[in-house]
Structure formats: C-alpha cells, structure tokens
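Hi everyone, thanks for making room for me today. I'd like to walk you through one model, so let me put it on the screen.

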Amino acid sequence: FCKSQWKGICVYTRSSSRTAAQFRTGIENRSYFHFFVSVCSHSKYMIGPLKQWQLLVTTPLTSVGRSATCHAIRWFSSDDRKRKAVFVAGTMQHHGKTTITLGMVHALVQRQRRVAYQKPVGQQTVPVDVDGVTLQIDRDVDVFKHLWPNLVGSYRDSSPVAFPPAFTRYVLDGKETPTALRERCVSSFERLLHASDYVVVEGTGHIGVGSIVGLNNAQVAAALGLECIIVAPGGLGQSFDLLSINLALLEKHGVRLKGVILNRVEPGKAEMVRHYYTKALRAIDAPLLGLVPNDPSLALQSFRDIARILKAEVVTCKHNDLRSFLHTRIIISAASAQGLLRPQSLLVVNMARVELVTFIIEQHRKHAQETGEDLEGGVILVGPERPPEWLLRELDSEGLPAAFVQKTDYDGTGFSMLERVINHTHKFHRADVQRLQRACEHVARHIDIDAIVA
C-alpha cells in the first residue's frame, strides 16, 4: 500500500483466530505501518502506536488464502474527524437543539455538501418501514430524512440506539451493556463519516441525559471523538449558568466545547446579548457561533399536537390538522365569542351549548364572504356524547378542524385543557414541511456555518 495514504490492514477469518494471529506475527515488526487486525470471534489485535489514529472504514481489496479476507483501512486522525463532524447538545430539553440542527443541515445542503445526520441515542421513536422491516427510529431522524431524502446514510446508522419503554431497567439488569451500545453508535457514525462530507450529530436533552445507562451526551461525544456545540437559551445570567453546569460534564469526559449558539433571543436585546455573551465566553475560551432571534410562529402548537395532548378524536377536516393558532380561548357565550373570533384562534366549547358552535360557524362564513380570507380557526368540543353528524358536516363545510373530548374520559375543566396546551412544547412533524423550511432558513441566516465546520 502507498504509505502516505493507507495506514493499516484488517484481516477477518471465517473460522478461528489462528490465521489472524499468524498474519499478525508476520507483520508486527514492520514499524512503518500501524496495524489493526479484527477476527470474527471479536478478539482484536493492536500493532503499533494507534492512540493518535481512529478506524474509519474498511474497503475490500483482495482474498488471501482460503480462510481469510484482507481489507485496507483508511485512517483519519482526530483532527481530521473534528473537521468532518460536530456534536450538537443543549443546556436543557426544549431549548431548540433540533431547530438549530435543522438550520445547520440546511446551510450545508445549500452548499452542495454530502451531509449525514445522526441521533445516536433517541428517546421518542416512530415506526419506519425499511426494506420490509419495521424499525423504531428516533422521530427527529424521521423528520430529517423526510425533509432531505438524499441525506447520506441508512435509517439504522442515523438512529443506532433508541430507548423504548423500560429500556433503562433492561440495561441495569445487564441484558444490554453500555459498552455495546456505545460501540453501536461509533460503528454507525464511522460509516456515515466515510460516506459524507460532513456529519451533524444531535444529542438528546441536556448533556447529562442518559447517564444512568452510561450514554450521556458527553460520553457519546467522547466515544465519537467529536467537539461539542451547545445550544443555550437567549439571555445572559441564567443562560450562562446553565452553560457552565453542562460544560463541567463535557470537561469530565474530555470533550472540547467548540462554541455556543444562543436560541430564541429577544430581537430588541439581540445586540446587547451578543456583546456581553461574547465577553463572558472569553473566560472559557469559546466563541459565539450564532444568535438566533425568537420567532414565536415556529413554536406554535398544531391542531394535531393539541388533539394528541388532550387525547381527543379529530372529527372534521383532518387535512387541516397542521394548522397552528395564535390565540386559544374558552367560549361561554355568543357575546364573548363575538370579540374573540380573531384569525388563527382555537376555541374551546362545551357541547351543552351547541348554539355557540353554530354561531362560530356563521362568523367564519361571514368573514370569508366579506374579506375573501379564511380565519383559519379550530374548535375543541367537550361533552358527554359525540357531536351530532349535522354539526360535523357544517364544521367540515367551513374548513374548521374540530376535535372531540369526551367529558367522561377527561378529568378536568376547560381551563385545565388550556393549561396543558399552553405548557406543551411544540415538536416538528415530518408533514409540516412549510414550517420546517421556515425554521431552516431562519436559523441558517443567524449562525456562522463557516466557523462551525472550520
């Protein structure tokens, strides 16, 4: 092999380790190569100082004898690896890590890069059919693959480890080991790294999530040999305090902080926050890689989300269930409804007052006739019995999505419903393409992608 390009040989035997051991004996004195020999029995032989090199991929070359196959391995130093990938983590859950990652991938795709995305450890999964087999894949991976079908890598490599219910107990009982799980993440990452120009790796929650099974974000980033970008909330004191807590765990596992991206910064305070946060980051020798202004429309709940939160049945206009709302109100009388029928309003109505539902329908119809515009509203119907079919047909005719919450199945008031809706954090859905694209473009405009990939 050309010494300047190839740094190793890998031998796989079909039966025992004897062939590999003999091969190892024959080459171990050739100090100008660093060798790694892997045998099917999973025993491994290291020859030469390999600390500064990490295995990327094996490429089949030729057959040597009847019982072994020889492969050439291209090795990449840790510096090479850091230039081809980055790990994105958050100071807390719901701080916008996925939104920032969307913008990073979008910026790289716009530059005609071959991009791969990985969520090594996933918590919320969705079923995905892959070659006739149904896999449980992290929901963010499903979103990214739907938005960019040409992303490099398979579903399995993009979502190597997913936590189903009771998985923590499964690991603690010894039925799965943290070492095996980390190795699965690493091998999947290496395949993505070899096949792409750049890999964006997204963590789960804050840095410490997964610690109970030895798979927190710092441990995974260390296993992958990557530097970490932390997404922190817009602000100064509280934001930097959260950053410091997470930084301590990165340092414990030897992971370097590549930089910080601030998300949801109030536009009127953006320049002040930029100035003082940059000053604060000098103390930890980290740059500010982006400051993303707050755009409330990106975090609005969709009707589909709201129905899921309330465990409600969507009974009309399912094609409009991705509609989002700026206002959420409880309607108790026609007089109160009159002043609350604003564009993008979600209205909660008790089915004991059917006349209020018909009034809402009439007001939407009147607005459309007078202005030619849709109010884009939605209705939550609460009652002991399913709404009558004639009422559902009226709602359907006006394009009003409605969800029915059966009172016997919901122990709470209209106010407690509002509380659940308001306190829930929006998660992107793969079908919500328009909002996904807006999020991508918004973030890409406010991050320094050149500094991120440098």
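Where in the chain is confidence lowest, and where is it highest? This is a predicted model, so that's a good place to start. The low end is strand β3, residues 44-47, with a mean pLDDT of 35. The high end is strand β7, residues 115-118, which reaches 97. Over residues 1-75, pLDDT stays under 50, and for that stretch the model has 135 contacts beyond four places in sequence. Taking the chain as a whole, the average pLDDT is 79, and 76% of the residues score at least 70.

Now for the overall picture. We have 454 residues, and 50% of them count as buried. The chain holds 17 helices and 20 strands. If you take contacts between residues at least 6 apart in sequence, 69% of them join residues at least 24 apart. For those of you who like surfaces, the accessible area comes to about 21900 Å², with 50% of that belonging to carbon and sulfur atoms.

Let's zoom in on a hairpin. Strand β9, residues 125-130, and strand β10, residues 133-138, run antiparallel and are joined by 6 bridges. Within that pairing, V126 stands opposite I137 of β10. The hairpin has 2 residues between its strands, and D131 takes a positive phi there, near 55°.

Next stop, please, is helix α5, residues 155-158, where you'll find D157. Is D157 buried or exposed? D157 counts as buried, because its relative accessibility is 10% and the cut-off for buried is under 20%. And what does the side chain of D157 make a polar contact with? The partner is the side chain of R191, at 2.9 Å. Setting aside residues up to four places away in sequence, D157 touches Q118, S188, R191 and L192. Q118 may ring a bell, as strand β7 covers residues 115-118.

For a contrasting case, please rotate to helix α13, residues 354-371, and pick out E362. E362 has a relative accessibility of 44%, so this residue counts as partly exposed. How far apart are the C-alpha atoms of E362 and E394? The separation is 9.6 Å, for two residues that sit 32 apart along the chain.

That's my tour. If you take one thing back to your desk, let it be the confidence picture: pLDDT stays under 50 over residues 1-75, while strand β7 has the highest confidence, at 97. Thanks for listening, and I'm happy to go back to any of these views.

Methods: Residues are numbered from 1 along each chain as its sequence is written. This is a predicted model: local features need pLDDT of at least 70, side-chain atom pairs count only at pLDDT 80 or more; totals for chains, interfaces and linings use all residues. Side-chain values use heavy atoms; hydrogens and water are left out. Helices (H or I, at least four residues) and strands (E, at least two) are DSSP runs, numbered from the N terminus. Buried means under 20% relative accessible area, exposed over 50%, partly exposed in between (1.4 Å probe, protein chains only). A polar contact is a pair of N or O atoms within 3.5 Å; within protein, one must be able to donate a hydrogen and the other to accept it, and residues adjacent in sequence count only if both atoms are side-chain atoms. Contact means heavy atoms within 4.5 Å. Accessible areas come from the Shrake-Rupley method with a 1.4 Å probe; for residues, only the protein chains shown count as cover. pLDDT is the predictor's confidence in each residue, from 0 to 100. Two strands pair if DSSP finds at least two bridges between them.
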